Amino acid sequence: MRKILLLLATILLIAGCGQSYEETKRLTKAQRLKLWREDSAAFKIAVMPTLDCLPVFIAKDHQMFDTVVDIRLKKFTAQMDCDTALMRGRVEGAISDLVRTERMIQQGTPLKYVAATNAYWLLISNRQLRMSNLKHLDDRMLAMTRYSVTDLLGDLAVDSAKLKTERVFRVQINDVNIRLKMLENNEMDAMLLTEPQATQALLGKHKVLLDTRKLDMQMGVFAFRTKGMDDKNRRRQMDVFLKGYNEACDSLNHYGVLHYSDVIRKHYQISENALKKLPDSLKFQHAAAPRQKDVEQAQKWLSKK
């Protein structure tokens with residue numbers, strides 16, 4: 001009799017555990033569905049650890065976005081991953097460059113430009129090679145990302161120095177942090193960097209061979225998918241986003257970049273010395289469409305590829 005009671009107790013215990021497991025599984029599935037719905041309804045922005053994203057980080061971290069609207073930042077370290085998220089509808093908008101966005105448009109992803117950014121790019125050579133001009137890129141490796149402004153600038157450098165294209169070896173390094181590390185570890189001859197990675201590189205006394213600020217090029221851009229943006233809720237989210245973005249730009253222009261060192265430390269992998277050397281007088285413009293001449297330059301370059 002005792003054995004029978006023990007067996008019954010064991011059966012009930014197993015049954016109870018089974019029910020608990022199924023219930024837990026159902027709850028987990030419901031929670032996952034809830035999170036998915038919330039993420040789908042949120043206004044999602046793909047961002048990079050580059051300085052043109054700083055107003056977005058500040059607006060988010062310092063509550064400049066209306067908290068009624070759910071704005072979420074999706075962080076990537078390679079522009080290619082930002083583009084993929086944008087093309088597949090995983091985010092509503094992304095910071096990019098005009099070469100990449102114009103190519104996405106050509107490939108069938110309609111985009112709207114809501115802001116030109118202040119991004120600029122430097123072509124930096126390894127100090128150990130003692131390269132003093134673009135001609136010294138001959139028979140050297142250049143880190144860049146294909147079909148981006150860095151690819152365009154690589155062509156510009158080659159053409160300016162009248163080098164043969166095949167004599168400059170383009171190496172695709174998409175992750176901006178890895179690209180910088182390769183320069184610091186003397187694994188790359190030259191590369192194209194934007195801020196703050198450029199400032200970090202210059203602390204190592206690497207030499208600048210090209211600076212887009214001297215070429216009157218403004219290729220940084222904030223692009224959004226047009227699909228679904230005619231929805232009333234999406235338009236409201238966009239308005240809230242742009243209001244917070246502009247407020248962050250005003251604050252940066254008033255207080256300077258270093259005023260937000262807390263945000264930079266949180267989102268950027270740079271040293272304290274590099275942080276202190278960042279261009280504190282850098283100005284951030286309100287959201288406005290990019291210049292037509294810059295769009296046309298990107299289109300012209302793409303037409304030749």
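Good morning. Strand β5 is joined to strand β8, residues 190-193, by 4 bridges, and the two strands run antiparallel. I begin with this pairing in what is, I should say at once, a predicted model.

Within that pairing, L123 of β5 has L192 as its bridge partner in β8. On to the next neighbour of β5. Strand β9, residues 207-211, is also antiparallel to β5, and 4 bridges join them. Here I124 is matched with V208 of β9 as its bridge partner.

Where do the side chains of β5 point? The strand covers residues 122-125; L122 and I124 point one way, while L123 and S125 point the other way. In general, side chains in a regular strand alternate between the two faces of the sheet. In β5, these four residues are all buried.

Let me turn to helix α5, which spans residues 149-160 and contains G154. Is G154 buried or exposed? Its relative accessibility is 1%, and because buried means under 20%, G154 counts as buried. What does G154 touch, once neighbours within four places in sequence are left aside? The contacts of G154 are L142, R170 and L192. Please recall that L192 is the residue in β8 that partners L123 of β5. As for R170, it stands 16 residues from G154 along the chain, and the C-alpha atoms of the two are separated by 8.1 Å.

Helix α5 also brings us to the largest pocket. Both α5 and α11, the helix of residues 292-304, supply at least two residues each to the lining of this pocket. The volume of the largest pocket is about 220 Å³. Which residues line the largest pocket? They are L152, D155, L156, D159, Q297, K300, W301 and K304. Sorted by class, the lining comprises 3 nonpolar, 1 polar and 4 charged residues.

Finally, we consider D294, which lies in helix α11. With a relative accessible area of 1%, D294 is buried, since the cut-off for that term is under 20%. Which residues are in contact with D294, leaving aside its neighbours within four places in sequence? They are L98, D216, M217, Q218 and M219. For Q218 we can be specific about the atoms: its backbone nitrogen lies 3.4 Å from a polar atom of the D294 side chain.

To review, β5 is joined by 4 bridges to β8 and by 4 bridges to β9. G154 counts as buried, and D294 is buried. Thank you for your attention.

How values were computed. Residues numbered from 1 in each chain as written. Predicted model: local features only at pLDDT ≥ 70, side-chain atom pairs only at ≥ 80, totals over all residues. Heavy atoms only, no water. Buried < 20%, exposed > 50% of the residue type's maximum accessible area, 1.4 Å probe, protein only. Pairing = 2+ DSSP bridges. Contact = heavy atoms within 4.5 Å. 1 Å grid on protein atoms, 1.4 Å probe; cavity = no way out; pocket = protein on both sides within 12 Å on 5 of 7 lines; lining within 4 Å. Points joined across faces, edges and corners; volume = space filled by probe spheres on them. Nonpolar A, V, L, I, M, F, W, Y, C, P; charged D, E, K, R; others polar. Polar contact = N/O pair within 3.5 Å; in protein donor to acceptor, adjacent residues only side chain to side chain.
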